[in-house]
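Okay, thanks for having me, everyone. Let me pull the model up on the screen, and then we'll walk through it piece by piece.

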Amino acid sequence: MRTDITKINERSPYTDLTEGLQLFAGGTSRLFGTGEWRTNTPVLDQDKCRQCLLCAPVCPDSCIPVKDGKRLCFDYEHCKGCGICVKACPFGAITMKEGIEA
Amino acid sequence: MSRENVMKSRAIPERMSGNEAVSFAIRQVNPDVMPAFPITPSTEIPQMVSTFIANGEIDTEFIPVESEHSAMSAAIGAEAAGARTMTATSSAGLALMWEELLLAASNRLPIVLTLVNRTLSGPININCDHSDGMGARDTGWIQIYAENNQEAYDNYIQAFPIAEDPRVHLPVMICQDGFITSHAVENIELLEDAPVKAFVGEYEPEEFLLNPGKPVSVGPYSVSAYAMEAKKAQEAAMERAGEVILEVGECFGKMSGRSYGFFEEYRTEDAEYLMIIMGSAAGTAKAAVDLLREEGHKVGVLKLRVFRPFPEKEIAEAISRSGCRAVAIMDRCESYNGCSGPLGSEIPAGLYRNKVMTQTVNYIYGLAGRDFTVDHVRDIFAELEEVAQGTMKAPNHKYIGLRE
Amino acid sequence: MKNTVEIRWHGRGGQGAKTAALLLADVAFKTGCCVQGFPEYGPERMGAPITAFNRISEEKIRVHSNIYDPDYVVVVDETLLHSVHVTDGLKEDGAIIVNTAKSAKEIRPLLRGYKGRVLTVDARHISEKMLGRNFPNTPMLAATAAATGIMSREKFLREMEASFAHKFAKKPEVIRGNMAALEMAYDKAEIDMMRTTGNSSGKKAGKSSKEMKRSA
């Protein structure tokens, strides 16, 4: 039986857990908002961005979505504000802004 | 495994060593994957299985690994992927698997490991004692010990239905004494291939990694809010394993004529003195009991087969039922100033919890292959008699066959 | 244990004493006995003294210890008589079977006071004559079978021939030599047993497996 893991939480008794804490679903990390861990926030300057896409693959949390060959806005639900994308951008199009808000 | 319609098997009389017997069972089960690294005295098992594979008798995928650490890691990966997986090892090999043993159990993977018991170094030595298996007693594996080649074979066939039962999903260690049974040629009654295959059945896990469209994550990091609950759930599965072991043991009897329980009570019905013992030395103890009974001594043997789950209550009941005056608890393992050896501490703890206050004496025997003989058994029963009669103070922890 | 013959083999690593013990277990099994054949494992090297054991019985064998009071002792290498106490615990109504070119009379002084029967088999000579090489374990196996009387000559030879046919399937030319070596050693041991006991078989007081087989 595939347990609905969205129904398991920190109040669940041990009998409700899955065997070996196995997760019977894919992409479960999407359900976990790590965006609130952020103390600094990356901001994209659309005018400076050349869509070279060097930033997207280096993001450790896959928070730079790419569609039709173009990067989109940051996924602030999950971005932890590490700033690696700032270092990767050759055009200075990404800057870190203090605080959790973009 | 169908528990209702068990196919009966004809007995095939043969003679072979314990290692050959287990390898023969592996050939009949034809597991999907066997990662293994050779170590004395279990080396013959991967060697013989490799021969079966080379001869096209089975299609098991043999993974030659560079260490036992890798062997158990590969076993975990293969079992999680959905393959029926087994391995074999001894002594230091089991010790090198240590970290992975706990993961196999906590990930609830029904791996079967055949352990050919050998002492853990040092001093370095290749011979039998139970320090390897006992060292792994709290890793969450089911442990079943054999008296001889027949039981090693029978236990091995039962291992898969026990491990893979949805109430259990835990790994199983099938243990036999290194050299004493692994390398001794003795009579055995083998079973026919078809009933064994039907008994073990096809492995059909509900959830496994290589299952397109049904993603699953195995072994995720567990924060403290979940880990303790996971451990309790694992403990509950071990407890449920008890009923499954009994069911499978009974079913095995329908196929083979040999049923199995947690332990065997040998001439215990009216025994005044009992010996609790595990492994090949139980046979020697039984032979001694036969001789002593002829001489008029009321003695018996309780041969422990299942060490994990530990049948605490059942042992206490058996001792209580026999009405015996004193019990010798035999450990083929030293715990260096623990409260006696593993059996010597767990059995009295179980007796205490069940309010059975029979006198016990813990004996340490057979370390690193030291021979254990009929005369030793005689000496122990004579000593128990003295202890019960009050002419001798019960020692807490005594060595047998030691030069003093 | 009743109705059990216990045999202890002494040899040197590489001479095939363990193999001989396992082969004896094999043949005895084929004649319907309960058997045990096992070596004692130590730091084995070519040439180091080794021990192997057999229990042969008509009842289920439960004991899993070494053998300290054997009915028979087989010495595959006579140089061991100087370094190993091969007769330790050997029953006086049993026998010791030694691979040597010497006579029993010459060997007895080396046996630390053993008073039972002494059988000698020149296994080296037999093996070199029949096989062209020194494989002492084959003749010693035959001599042991004859001395213990575990099975009849005919049965023993028949089972051994079947076993050789399987073992030497790819070089059947060596089977004849092996069989001849077995027969020669068997007959020598049987004659020795007759001379020392006056009986026509390896029967010994109260505890012969042959006797037990007949009554079974």
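In chain C, of the contacts with a separation of 6 or more, 64% are between residues 24 or more positions apart. By contact I mean two residues whose C-beta atoms, placed from the backbone, lie within 7 Å. Quick housekeeping: this is a predicted model, where local features need pLDDT of at least 70 and side-chain atom pairs count only at pLDDT 80 or more, while totals for chains, interfaces and linings use all residues. Residues are numbered from 1 along each chain as its sequence is written, and chains are lettered from A and ligands numbered from 1 in the order in which they are written.

So, staying with chain C: eight helices and six strands. Those are DSSP runs, H or I over at least four residues for helices and E over at least two for strands, numbered from the N terminus. Along the sequence the pattern goes β-α-β-β-β-α-β-α-β-α-α-α-α-α. Chain C has 216 residues, and 50% of them are buried. Buried here is a neighbour count: 20 or more other C-beta atoms within 10 Å of the residue's own, with 12 or fewer called exposed and anything in between partly exposed, again with C-beta atoms placed from the backbone.

Now look at strand β3 of chain C, residues 49–57. How many of its nine residues are buried? Eight, so to speak of it as mostly covered is fair. On pairing, two strands count as paired if DSSP finds at least two bridges between them. β3(C) pairs with strand β1 of chain C, residues 4–12, in the antiparallel sense over nine bridges. In that pair, R12(C) has P49(C) as its bridge partner. β3(C) is also joined to β2(C), again antiparallel, by seven bridges, and there G37(C) sits opposite N54(C). One general reminder while you're looking at strands: in a regular strand the side chains alternate between the two faces of the sheet.

Keep your eye on β2(C), since we meet this strand again at the contact with chain B. That contact takes 18 residues from chain C and 20 residues from chain B. On the chain C side, the elements giving two or more residues are α1 (17–30) and β2 (34–40). Which one gives the most? β2(C), with six residues. By class, the chain C side has eleven nonpolar, five polar and two charged residues. For the classes, Ala, Val, Leu, Ile, Met, Phe, Trp, Tyr, Cys and Pro count as nonpolar, Asp, Glu, Lys and Arg as charged, and the others, Gly among them, as polar. There's strand pairing across the chains too: β8 of chain B, residues 185–190, and β2(C) run antiparallel over two bridges, with E186(B) opposite Q36(C).

Over to chain B. An automatic or database domain assignment sets the bounds, and chain B is divided into domain 1 (12–256) and domain 2 (263–399). The C-alpha centres of these two domains are 28 Å apart. Contact between them involves 24 residues of domain 1 and 20 residues of domain 2. On the domain 1 side, α6 (131–135), β6 and α9 (224–256) each give two or more residues, and α9(B) has the largest share, five residues. That side divides into ten nonpolar, nine polar and five charged residues.

Chain B also has an open sheet of five strands, ordered β4-β5-β7-β6-β12, with mixed pairing. Why is one side of β4 (86–89) and of β12 (306–308) left without a neighbour in the sheet? Because both stand at the edges, each with a single partner strand. Inside the sheet, β6 (residues 142–145) and β7 (residues 172–177) of chain B run parallel and are joined by four bridges. Q143(B) has M173(B) as its bridge partner in β7(B).

Last stop, a helix pair in chain B. The axes of α10 (residues 281–294) and α13 (residues 374–389) come within 8 Å and cross at roughly 65°. Those axes are lines fitted to C-alpha atoms, for helices over the stretch in contact, with angles running from 0 to 180 degrees between N-to-C directions. By class, the contact has eight nonpolar, one polar and one charged residues.

Right, happy to scroll back to any of that.
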